[in-house]
Amino acid sequence: HAIQTSGNCIRNVTSDQLAGISPDELVDPRPYCEIIRQWSTFHPEFSYLPRKFKIAVTGAQRDRTAAQIHDIGLQIVENAAGERGFRVYVGGGLGRAPMIGEVIREFLPEADLLTYLEAILRVYNQHGRRDNIHKARIKILVKSWGREAFAEAVEAEWARRDSDALRLPPEEVARIAAHFEAPPYAAEAAADRLDPALESDPAFARWYARNTVPHKIPGYRAVHISLKSPGRAPGDATAEEMILIADLAERYSFGELRVTHHQNLLLADVRLADLPALWQTLSAHDLAHPNVGTLTDMIACPGLDFCALANAGSIDVAHQIQSRFEDLDYLYDLGELRLNMSGCMNACGHHHVGHIGILGVDKKGEEWYQIQIGGSSENSASLGKVLGPSVPKEQVAEVIGRLLAVYLDLREEGERFLDTCRRVGIEPFRERVYAELEVAA
Ligand code: HEM
Ligand code: SF4
């Protein structure tokens, strides 16, 4: 959901693409998003904040919403007594001053969702900086006061509220939740079997393994439509493709299509029995490249090709990477990898939280690229560390190849690239990358 765009207000409230369907979810986060939306939309008190404001809510064990890089991130949890509530993160964000959000409350009872958000917003509205646009986000306030002082100010503001009108009785949560009714799943889907198709068609089996994910309803899967096939600008779809995909959503997924912040699309509720036919159509239209979650499933902003703020191109670097790392078996062996790329420090491509992050920089009118490693926007989020001097455009894929070679040498059983980075630090990567590489003075 997004409204009041471009204002210094609560612009949007988001959750993840598997909301309501993932087996790893404690509870569907969407009703809480909707409750926050109804409260925040055109809220008179919060329509002129120091700066824009976004909130993410995750109900899953594995955070796919990037909650820790939002102004407020809410993770739905249960306390020891089995009551539902939220872990509250505040002050995350990327851009020119990237920061990971801090936990200011481990457990906020469900009923106090809005009273507590109101307290956070009041503290921010009063104390956030208005003199300098680059220092106006809530992350700067949290950083300058420190987590504890900020949390104390919020708690004090919360304690002094003059009314409990915003408290949420369980009936109100249930009333909103009723609007997120599950689609009419077919009970007989539980008997669907795919084994023959998976055994007889390796290409289908590969797509199934990479581009579809488990669903909480037996007999269903969620299907990622990869917009990252070789030669495609990451995340792009043509008008014809969008019409086709809309038809597929009608036909196979109750008319619903979701967009992921990894720049793919998702059909949330597809019956197992329908997967072979869906795959046939998707592959015939270059929409079934089985690379979801791998190196080439990268996030890339539009960069110099389209964006007036860019320092350097992203799309042509994406093509360079796609053509160097075409071999799917190599990509699968590398395992889960997040490569994120931005054409300038505004960080629309989330480069700080890529396992590998690439940032375009301008050096005397030429496009160069700073490389970072070790970032993540999931649970235990972290900002990547800059590897060293930036590298010229034509060497970006080569540098990535060297990083991957170090990972393959050093990884321990079951370690992803990110895990190895966290264990060994950036030094071994730095050494190998800069050996004999021409770099900026
Ligand atoms: C691939 C292309 C684009 C990318 C990657 C992109 C990226 C972004 C990002 C990251 C934001 C910040 C969102 C936020 O802070 O809430 C944003 C905001 C915005 N974009 Fe784009 N954008 C793209 C295309 C466009 C186009 C074509 C338009 C207009 C025709 C547009 C208009 C806006 C506006 C008005 C906002 C402010 C929304 C807000 O208040 O949050 N964008 N864009
Ligand atoms: S990161 Fe920079 S170059 Fe890329 S879309 Fe955002 S503003 Fe433009």
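## Tyr32 and its partner

In this predicted model, Tyr32 is buried, at a relative accessible area of 1%. Phe86 is likewise buried, with a relative accessibility of 1%. Both values fall under the 20% cut-off for burial.

The structure holds 13 aromatic pairs. One of them joins Tyr32 and Phe86, whose ring centres are 5.1 Å apart with 85° between the planes, an edge-to-face arrangement. Tyr32 belongs to helix 1 (residues 30–40) and Phe86 to strand 4 (residues 84–90), so this pair ties together parts separated by 54 residues in sequence.

## Tyr116 and Trp158

Tyr116 is buried, at 0% relative accessibility, and Trp158 is buried at 11%. The ring centres of Tyr116 and Trp158 lie 5.1 Å apart and the planes meet at 85°; the pair is therefore edge-to-face, given that angles over 60 degrees are classed in this way.

Tyr116 is part of helix 2 (residues 113–127), while Trp158 is part of helix 4 (residues 147–159), so the pair ties together parts that are 42 residues apart in sequence.

## Ring cluster and charges over rings

Ring pairs also link several residues into a cluster, made up of Phe204, Trp207, Tyr208 and Trp279.

Two aromatic rings have a charged side chain over them. Arg210 places its charged end over the ring of Tyr332, at 3.9 Å from the ring centre. Lys363 lies over the face of Trp368, and here the distance to the ring centre is 6.0 Å.

## Surroundings of ligand 2

Which residues are found around ligand 2? Cysteines in the list are Cys301, Cys307, Cys344 and Cys348. Pro302, Leu309, Ala310 and Ala347 are also around the ligand, as are Gly303, Gly343, Ser342 and Asn346.

By residue class, the shell around ligand 2 contains 8 nonpolar and 4 polar residues, and no charged ones. Cysteine counts as nonpolar and glycine as polar in this division.

## Domains

The domain assignment divides the protein chain into domain 1 (10–177), domain 2 (190–284) and domain 3 (299–434). Tyr32, Phe86, Tyr116 and Trp158 have numbers within the bounds of domain 1. The residues around ligand 2 have numbers within those of domain 3.

The centres of domain 1 and domain 3, taken over C-alpha atoms, are separated by 30 Å. How many residues does each of these domains bring to the contact? Domain 1 contributes 13 residues and domain 3 contributes 15 residues.

Note on methods: Residues numbered from 1 in each chain as written. Chains lettered and ligands numbered in written order. Predicted model: local features only at pLDDT ≥ 70, side-chain atom pairs only at ≥ 80, totals over all residues. Heavy atoms only, no water. Phe/Tyr/Trp six-rings, centres within 6.5 Å; stacked < 30°, edge-to-face > 60°. Helix = DSSP H or I, 4+ residues; strand = E, 2+ residues; numbered from the N terminus. Buried < 20%, exposed > 50% of the residue type's maximum accessible area, 1.4 Å probe, protein only. Lys NZ or Arg CZ within 6 Å of the ring centre and 35° of its normal. Near = heavy atom within 4 Å. Domains from an automatic or database assignment. Contact = heavy atoms within 4.5 Å.
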